[in-house]
Amino acid sequence: MVEKVKKLPRVFDYFVEKDQFAGGNTFCAGCTAELTLRTIPRVMGKDIVMVGTPCCAAPVLHGQNLGAWHKLAYYACVMTGVASSASGLSRYYRKSGIDTTIVCFTGDGDASDVGFQPLSGAAERNEHMVYICYDNEGYMNTGNQRSSSTPIYAATSTTPVGKNQKGKPTVAKYLPLIMALHPVSYVATATLSHMEDYAKKLLKAKEKSKHGFAYIHVFSPCVIGFRINSDAGIQVCRMAVRTNYFPLWEMEDGVFRFTHTVSDPRPVKEYLSICGKFSHLNEAEIAEVQKMVDERYSILKALVETTARKETENKL
Amino acid sequence: MVKQMRKHETRVITGNACAAYAVRLCRPDVVALYPITPQSEVVEQLTRFKADGLLDAEMIEVEGENSAMNSVTAACVAGGRVFTATASYGLAFMYDAMMQTAGFRAPVVMVNVNREIPGIHAVSAGQQDLISVRDIGWLQIIVEDDQEIIDTIIQAYRLAEDYEIQLPVMINYDGYYLSFSAEAVKIPLIEDVDEYLSILKKQPQRLKLVPGKSMGAGSHGLLQTYTELRYKHMAAMERAKAKFDAIDKEYGDFFGRYYGGQIEEYRTDGAEIILVTSGSATGTAKTVIDAARENGQKVGLVKIRMYRPFPRERLTKVLQGRKAIGVLDRSVGFGWNCGPMYQEVRALTPEIGKVPLLSFIDGLANMDITKPNIERMIRDIQAAAEGKPYQETTWVSLEE
C-alpha cells in the first residue's frame with residue numbers, strides 16, 4: 001500500500017528552525033497573535049533577541065519567575081521602552097561584534113499609542129532592528145479597551161455601544177503607512193491568511209535590519225475582542241484582505257508595491273458582518289467604513305504607482 | 001607609606017564638562033543623549049569627544065529621556081558599560097524606566113544635574129528631583145564641587161559594576177551652581193583610570209543577555225520570587241555602604257583624593273553642634289564653620305555624600321553626643337512640614353538620643369544659600385543647644 005504524503009503548505013519552505021514555543025501555552029484558544037509569534041523564529045532562526053512588553057504575548061514571552069514558554073533570548077521592558085531598549089541592545093551587540101537580529105514584538109496599543117514615540121525615534125535613527133506589531137485593534141490583554149488602532153464604530157470596553165454612543169467615534173491611525181513615511185528601508189503589512197507572504201516579509205525584514213530599521217504590521221484579529229468564534233480567526237484575516245480592509249503591501253527602499261492584489265474586492269460589509277464588534281452598524285455607517293477603506297486603498301495605489309514610475313525612471 | 005602622586009591634566013572647566021571628561025575616562029560602550037537645561041553641555045561635550053575620535057562609544061541620540069534610560073538599561077543588561085545624563089523634568093520622564101533599571105540590577109551610571117521639578121515652572125537649582133526618586137532602588141550620591149564630580153563618576157562605575165553590588169548609581173550635582181561654574185580641576189590620565197577600574201575585570205562576570213541562549217530579562221516575578229528579589233536588592237544596597245567607604249579609601253590611595261565615603265565629617269572633633277548639608281552649599285557652609293571655629297564656637301559639619309542607601313550607621317556615630325543638630329535641605333518634605341533629609345536624620349533619634357533637631361529649608365529655585373543664611377542657621381542651632389526655645393522648621397529665605 002502506498003502511503004499518500006500530505007503536501008505541506010508553501011510557508012513550510014521558509015521554515016529553517018523548529019518551533020521555539022511550548023504547546024499548551026497561555027494564549028487564548030484560536031489566538032492569531034500566537035501564530036504570528038510562532039512563525040517568527042521558524043523563519044528568522046533562533047539566534048534572535050526578542051524584545052517585548054506587557055501585552056497578550058507577555059505571559060508567554062516574559063515567562064514567570066524562572067520559567068518561560070519558549071527557548072529564545074528575550075528582553076521584557078516597560079511599555080514605553082520597546083524600541084528604545086531594542087536600540088540599546090542593537091547598538092551594544094553591534095559594537096561588540098555579536099551578530100544577531102533584534103526583533104521587537106508588541107501589540108498595536110504599544111506600537112501606536114504608549115510606545116509610539118520610541119518607535120518613531122528608533123525608525124528615524126534607522127536603528128538596526130525588526131519591529132513587528134501584531135494588530136488586534138485594541139488593548140486585548142487588559143480586556144478589549146480601545147487603542148488608536150481600533151477602527152471607527154468598533155465596540156470595545158471603553159467605546160461601548162449605548163444610547164449616546166455607537167462604538168469608537170474616530171477613525172484608526174494607519175500605523176504601517178506612518179512608519180513607511182519614516183526614513184527606513186522596509187515596511188510591510190501581513191496577515192495570517194497569507195502565510196507565505198508573511199514568511200517572505202519576515203525574511204526580507206531580517207535582511208534589511210542588518211543595515212537599518214524594518215517594520216512589519218501583522219493584522220492578527222483577537223477572537224474575544226472581535227467577537228468571533230475561536231476557529232474563525234484566519235477567515236477574518238482572509239476577508240480583511242479580500243475587502244481591501246487590510247491590503248497587503250510593502251515599501252522597500254522608497255518603492256511601494258502590493259504583494260497581493262485583489263482583482264475583485266468584496267464590499268467591506270462582508271468583512272464587517274462576520275465580526276461581532278461591528279454588529280450594531282447601520283447601512284450609513286457601513287457606507288462610511290467603505291469610504292474609509294476606499295480612500296486608504298487609493299492612497300496606497302497612488303504611492304505604488306508613483307514610486308514604481310520613479311523606480312523605472314531611475315533604471316532607465 | 002606615601003604613595004607616588006599620579007599624573008594628571010589640570011584644566012579650568014565647568015561641572016558639566018567635568019562630568020563628560022570623567023565619563024570619557026571610563027570608556028562606556030553605549031551613551032544615550034538627550035538635552036535638558038542645565039545638563040545639555042554634558043551631552044554636547046560627549047558628542048564632541050566622539051566626533052574628535054576621543055570616545056569610542058555608541059551614541060544613541062534618543063527622542064526623550066524615557067528612551068535614554070530604556071536604551072542604556074538594555075545595553076547594560078546585554079553586558080555594556082553605559083552612561084546617560086538628565087535633570088528634573090527629564091528624570092521624571094524616565095521614572096518607569098528607572099524603576100526597571102533598578103529591578104534588573106543593571107549597573108547603569110547616570111548624572112542628574114539637580115533642578116527644581118515641574119508644578120511651578122522653574123528653570124533653576126533645587127534638589128527636589130533627587131528626592132522624588134529616593135525609594136526606587138537606585139544608589140544616589142550627591143557631590144559638592146567640580147573635582148568631586150570627576151572623581152565620583154569614576155568611583156560610581158567601580159561601585160555600580162562591583163559583583164557584590166550590581167546596582168544603578170545616580171550622581172547628583174547642583175544645576176547652575178556646579179553645572180555652569182568653572183573651576184580648576186585635576187583630570188586623571190585615561191591609563192590610570194583603566195588601571196583603577198581593571199579590578200572589576202578580576203571579579204566574576206555578571207549575567208548577560210546573550211543572543212541564541214535560552215534566557216530572558218524581565219520575567220514576571222511572582223509571590224515568593226518577587227519577594228526574594230526585593231530582599232536581595234535591599235541587601236545589595238546595604239552592602240553598598242561599606243563598599244563605598246572602601247572604594248573611597250582605595251580611590252584615595254590610588255589618585256590622592258579622599259572624600260570620606262558615605263559622609264564627610266568636617267571639623268566635627270569636639271563639636272557640640274552640627275550642621276548637616278549636601279551638595280554645593282557645603283562649600284559655603286565650610287567657610288562659615290571655619291570662621292565660627294576661629295571664634296571659638298564648637299561647631300562642625302557633616303556632608304551627606306551617599307543619600308541612598310542612607311548612611312544610618314555613619315551618621316549615628318558622628319551625631320551621637322552632640323547638643324543640637326541642624327539639617328539643611330534644598331527641597332521640601334510634603335506631609336512632614338520639614339526638609340526630607342531632616343526627616344531622615346530625625347528618624348535616627350532612637351540611636352542618637354533626644355536633642356534639639358532643626359530643619360532649614362533654603363536654596364529653592366536658585367535662591368542663594370548665602371554665608372549670612374548659614375550663619376543664621378548656626379545661631380539657631382547654638383541657641384537650641386543652650387536650651388532656648390526653637391522652631392523646628394525654618395524657611396530661611398522667607399524669614400526676616
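Two residues are in contact if their C-beta atoms, placed from the backbone, lie within 7 Å. Helices (H or I, at least four residues) and strands (E, at least two) are DSSP runs, numbered from the N terminus.

This is a predicted model, in which local features need pLDDT of at least 70 and side-chain atom pairs count only at pLDDT 80 or more, while totals for chains, interfaces and linings use all residues. Residues are numbered from 1 along each chain as its sequence is written, and chains are lettered from A and ligands numbered from 1 in the order in which they are written.

**Exercise 1. Describe helix α9 of chain B and its packing.**

Step 1. Take the length. The expected span of a helix is 1.5 Å times one less than its number of residues. For the 33 residues of α9(B), 223-255, that gives 48 Å, and the end C-alpha atoms are 46 Å apart, which agrees.

Step 2. Look for a bend, defined as the angle between axes fitted to the seven residues ending at a residue and the seven starting there. α9(B) bends by about 30 degrees at B:Lys241.

Step 3. Find the buried residues (20 or more other C-beta atoms within 10 Å of the residue's own; exposed is 12 or fewer, partly exposed in between; C-beta atoms are placed from the backbone). In α9(B) they are B:Ala240, B:Phe244, B:Ile247, B:Asp248, B:Tyr251 and B:Phe255.

Step 4. Name the partners. The buried residues of α9(B) pack against β6 (139-142), α7 (146-160), β8 (182-188) and β13 (306-308) of chain B.

Step 5. Check what follows the helix. B:Gly256 comes after α9(B) and has a positive phi, near 90 degrees.

**Exercise 2. Work out the six-stranded sheet of chain B and the helices that lie across its strands.**

Step 1. Order the strands; two strands pair if DSSP finds at least two bridges between them. The open sheet runs β10-β12-β11-β14-β15-β16 in chain B, with mixed pairing. Its edge strands, β10 (263-266) and β16 (393-395) of chain B, each pair on one side only.

Step 2. Examine one pair. β14 (324-329) and β15 (357-361) of chain B are parallel over five bridges, and B:Gly326 has B:Leu358 in β15(B) as its bridge partner.

Step 3. Add the helices. Axes are lines fitted to C-alpha atoms, for helices over the stretch in contact, and angles run from 0 to 180 degrees between N-to-C directions. α10 (281-294) of chain B lies across β10, β11, β12 and β14 of that chain, at about 165 degrees to β12(B). α14 (371-385) of chain B lies across β11, β12, β14, β15 and β16, at about 150 degrees to β14(B).

**Exercise 3. Trace the nine-stranded sheet and the contact of chains A and B.**

Step 1. Order the strands. The open sheet reads β8(A)-β7(A)-β5(A)-β6(A)-β4(A)-β3(A)-β1(A)-β2(A)-β9(B), with mixed pairing. β8 of chain A and β9 (216-217) of chain B stand at the edges with a single partner strand each, so one side of each has no neighbour in the sheet.

Step 2. Inspect the hairpin. β7 (249-252) and β8 (255-258) of chain A run antiparallel, joined by four bridges. A:Met251 stands opposite A:Phe256. Two residues lie between the strands, and A:Asp253 takes a positive phi near 45 degrees.

Step 3. Count the contact. Chain A gives 34 residues and chain B gives 38. On the side of chain A that touches chain B, the largest share, nine residues, comes from α3(A).
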